[in-house]
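Visitor: I would like to learn how to read this structure feature by feature. Where do we begin?

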Amino acid sequence: MSALGQSLAGRRVAVCVGAGGVGKTSLAAALALARALAGGKALVCTIDPARRLANALGLTALGNAESRVPAARLAQAGLAPPGQLFAMMLDVKRTWDDLIVRHAPDPARRDRILRNRLYQQMSAALAGSQEYMAMEKLHELAEDRDYDLIVLDTPPTAHALDFLDAPTRILDFLGSDAARVLLAPAVGVGRLGLRLAQLSGGYAARALARFTGQQALSDLGEFLQSFQGMYDGFKARAAAVRALLARPEAGFVLVTSSSPAAVAETLAFHGRLRAEAMPLAGLVVNRLTPDLWPYPSPLPGAAELLPPLAQAATSGGGPGTSRAALAERLAAALAEHQALVWAERSALAPLLEEVRVPCAMVPRLEGEVHDLAGLATLAAAL
Amino acid sequence: MAPPTLLDRHLVFVTGKGGAGKSTVTAALALLASRAGKRVLACEVNAPQERLAPLLRAPAGEGLREARPGLHVLDVRPRAAMREYGLKVLRFQAVYHAVFENRLMQYFLRAIPSLSELVVLGKILHEARSLEPGGRPRWDLVLVDAPATGHALQLLRVPSALLDTLPGGPVRRDAEWMARMLVDPVRTAVAIVTLPEELPVNEAIELDAEVGGVLGMARAALFVNAVPTSRSSPEEARALSALAAAPPPLGPAARAAALAATRAERAGRQLARACDAIDAPATVLPLLPTAGWGPPEIEALAGAIAEGWARGEGG
């Protein structure tokens with residue numbers, strides 16, 4: 001078993017993080033498939049809005065619930081895993097609604113929140129909402145189900161690990177005593193204005209209302225008031241998720257490609273994870289160009305390559321091609337290929353120097369990666 | 001009248017899947033426009049690490065910076081944009097401080113959905129319509145290195161979302177002019193960057209449909225980036241793969257040539273799919289092997305875009 005495989009074998013939760021466009025979703029699915037192939041019951045959960053996992057797993061509709069990838073479908077791809085593979089796609093809005101339903105003390109309160117305009121906006125669109133709900137769902141899956149491994153695919157965030165902050169940030173707001181006290185009597189617009197006025201010396205309330213419109217403030221007041229009493233349940237859960245992530249049975253998997261921008265982002269992710277003392281399970285470098293030059297010495301120049309190529313390449317060219325022209329094409333193709341290899345290696349050097357964890361180097365697959373057979377090839381490379 | 005070409009617009013949002021090369025294409029376009037004599041502002045949005053400034057040789061730092069005569073860069077940050085916007089709406093510094101620098105008020109502002117996106121977009125659109133004292137536009141072209149697909153759509157949807165949410169107030173009034181400006185096909189357009197691979201092309205096609213349908217914005221260009229080329233015909237590549245096991249240098253060279261041919265062939269299929277599905281002039285950019293992007297690589301990319309346009313592609 002590979003070093004990364006060993007590192008993951010002892011874990012129940014793997015969170016894949018990485019820049020956009022590095023193949024994170026496919027790799028997350030491949031990690032889950034690998035566990036199923038090793039006899040485990042594995043789930044991959046994605047929150048990516050592009051529904052890429054659905055493509056990869058050949059599932060047309062992934063709801064907010066897990067569904068098993070049918071054995072027949074796996075068999076079509078030549079796979080007969082002794083374990084089971086499940087997949088799901090997170091529905092952010094529905095996860096929020098479930099959470100409200102679970103924590104609301106009574107149906108009236110529940111309905112008031114679900115109907116609130118601000119809540120509807122927030123649950124669908126607030127920055128960090130997606131990340132928060134991913135954590136929430138992860139907690140539910142890890143606590144209530146019996147998967148051997150849950151792989152969470154995270155959205156490509158521009159800002160390193162938004163999902164570590166998002167729950168705190170959102171809860172900070174929902175639970176802010178100050179905000180609640182301030183808005184407690186906020187059902188009537190006039191009284192809200194009064195409280196705000198007391199706070200900031202008169203003009204602040206008018207100024208704020210001028211900025212947002214009076215209605216938005218009233219919505220906010222109602223929303224925060226409805227939330228009263230539910231906050232502690234939310235907060236306890238957010239703390240539990242964080243604790244779950246910090247346990248050794250969980251681990252982050254950094255996924256990168258060799259593009260300079262992805263490497264820079266991965267280094268930033270890594271720094272952040274270390275600062276937060278989060279367990280790191282491994283690093284996957286995806287889509288590497290294979291090194292074709294078998295010697296440690298650098299590729300010789302064209303002048304040196306051309307004579308042996310011209311001599312050897314007797315059967316390669318089509319009819320009517322001159323041997324010299326073929327040799328030139330071959331030399332150029334090899335030089336261009338190795339230039340890519342060199343560029344990737346140089347781009348990766350600082351990352352491999354800095355991140356000392358079990359690492360899998362996955363070559364660029366020349367076939368389709370986005371079907372089950374492709375995922376199996378990926379899984380084997382891991 | 002023929003629609004304006006990409007760089008004739010006043011405001012262009014460059015977006016696409018993460019990793020497709022939005023920043024580098026934005027930087028190269030900024031360079032080309034500035035060389036064509038335009039006064040250009042190249043913006044990025046709250047970048048964790050600034051990318052445009054180093055690519056265009058602008059000094060590091062904050063705020064508006066000159067990269068070369070006629071070309072400025074700006075990283076639009078929510079906090080600074082919020083401050084600027086707040087000052088504009090509230091008019092007085094003292095009021096701004098009382099309202100915005102108040103810790104409690106920060107909670108409210110954070111809770112108003114999409115307010116930070118609104119002020120970021122507002123800052124960009126404000127630049128795009130700002131005038132010099134003499135009355136001519138301050139910039140001929142504002143280029144935006146926008147976030148990746150999902151977040152870019154979220155950003156561009158903010159004015160219309162706010163029109164649905166806010167019954168009145170200055171924010172609503174601002175959302176109104178912003179929404180109008182975004183859908184003006186003469187002034188404003190989106191440029192899509194993609195890679196010639198299956199999923200990025202899928203995402204580009206979906207993005208194109210959303211931009212044109214839901215947002216109602218013009219799409220002025222498609223850039224298919226990092227397209228590999230091959231020197232061998234498919235027949236030659238097949239013959240060469242039979243030589244892959246030969247001793248070096250022939251074996252490795254034959255494998256390299258065969259791989260390049262396979263890759264170019266697959267990329268060609270995806271390229272064709274993107275061009276068929278997306279109704280915007282396409283420009284094909286070559287795969288440039290590089291261990292890091294800097295001004296010389298941007299020069300090379302700008303050269304490739306100019307060559308493509310000279311061949312009659314896109315633009």
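Guide: What follows is a short tour, from the sheet to the helices and one loop residue. Keep in mind that this is a predicted model.

Visitor: How many helices and strands does chain A have?

Guide: Chain A has 18 helices and eight strands. Of its 382 residues, 47% count as buried. Now look at the contacts between residues at least 6 apart in sequence: in chain A, 78% of them join residues at least 24 apart.

Visitor: What is the strand order in the sheet of chain A?

Guide: First the general idea. Strands of a sheet pair through backbone hydrogen bonds, either parallel or antiparallel. In chain A, the eight strands of an open sheet run in the order β3-β4-β2-β5-β1-β6-β7-β8, and the pairing is mixed. At the edges are β3 (67-68) and β8 (359-363) of chain A, each paired on one side only.

Visitor: How many bridges join β2 to β4 in chain A, and how do these strands run?

Guide: Strands β2 (residues 41-46) and β4 (residues 84-89) of chain A run parallel and are joined by six bridges. To place one of them, find L43(A): its bridge partner in β4(A) is F86(A).

Visitor: Which helices should I look for on this sheet?

Guide: Take two. Helix α8 (residues 129-144) of chain A packs on the sheet and touches β1, β2 and β5 of chain A. Its direction makes about 170° with that of β5(A). Helix α2 (residues 24-37) of chain A lies across β1, β2, β4, β5, β6 and β7 of chain A. That helix runs at about 170° to β2(A).

Visitor: How do I read a helix pair that joins the two chains?

Guide: Start with distance and crossing angle. The axes of α17 (residues 323-354) of chain A and α11 (residues 250-277) of chain B come within 8 Å and cross at roughly 75°. Angles of 65 to 115 degrees count as roughly perpendicular, so α17(A) is roughly perpendicular to α11(B).

Visitor: Which residues of α17(A) and α11(B) meet?

Guide: From α17(A) come R329(A), L330(A), A331(A), A333(A), L334(A) and H337(A). They meet P252(B), A253(B), A254(B), A256(B), A257(B), L259(B) and A260(B) of α11(B). By class, this contact holds eleven nonpolar residues, one polar and one charged.

Visitor: At what angle do α9(B) and α11(B) cross?

Guide: Helix α9 (residues 198-212) of chain B and α11(B) cross at roughly 5°, with axes that come within 10 Å. The two are therefore roughly parallel to each other. Here E198(B), V201(B), A204(B) and I205(B) of α9(B) meet Q270(B), R273(B), A274(B) and A277(B) of α11(B). The residues of this contact are five nonpolar, one polar and two charged.

Visitor: How can I check the length of a helix such as α6(B)?

Guide: Compare the expected span with the end-to-end distance. At 1.5 Å a residue, the 15 residues of α6 (residues 115-129) of chain B should span 21 Å. Its end C-alpha atoms are 21 Å apart, which agrees.

Visitor: How many residues of α6(B) are buried?

Guide: Twelve of the 15, so α6(B) is mostly covered. Among them are L115(B), E117(B), K123(B) and E127(B).

Visitor: Where does L365(A) lie?

Guide: L365(A) sits in the loop between β8 and α18 (372-381) of chain A. L365(A) has 15 other C-beta atoms within 10 Å, so it is partly exposed. Beyond its neighbours within four places in sequence, L365(A) is in contact with G374(A), T377(A) and L378(A). L365(A) and G21(A) are 344 residues apart in sequence, and 15 Å apart in space, C-alpha to C-alpha.

Methods: Residues numbered from 1 in each chain as written. Chains lettered and ligands numbered in written order. Predicted model: local features only at pLDDT ≥ 70, side-chain atom pairs only at ≥ 80, totals over all residues. Helix = DSSP H or I, 4+ residues; strand = E, 2+ residues; numbered from the N terminus. Expected span 1.5 Å × (residues − 1). Buried ≥ 20, exposed ≤ 12 C-beta atoms within 10 Å, placed from the backbone. Pairing = 2+ DSSP bridges. Contact = placed C-beta atoms within 7 Å. Axes fitted to C-alpha atoms, helices over the stretch in contact; angles between N-to-C directions. Parallel < 35°, antiparallel > 145°, perpendicular 65-115°, else oblique. Nonpolar A, V, L, I, M, F, W, Y, C, P; charged D, E, K, R; others polar.
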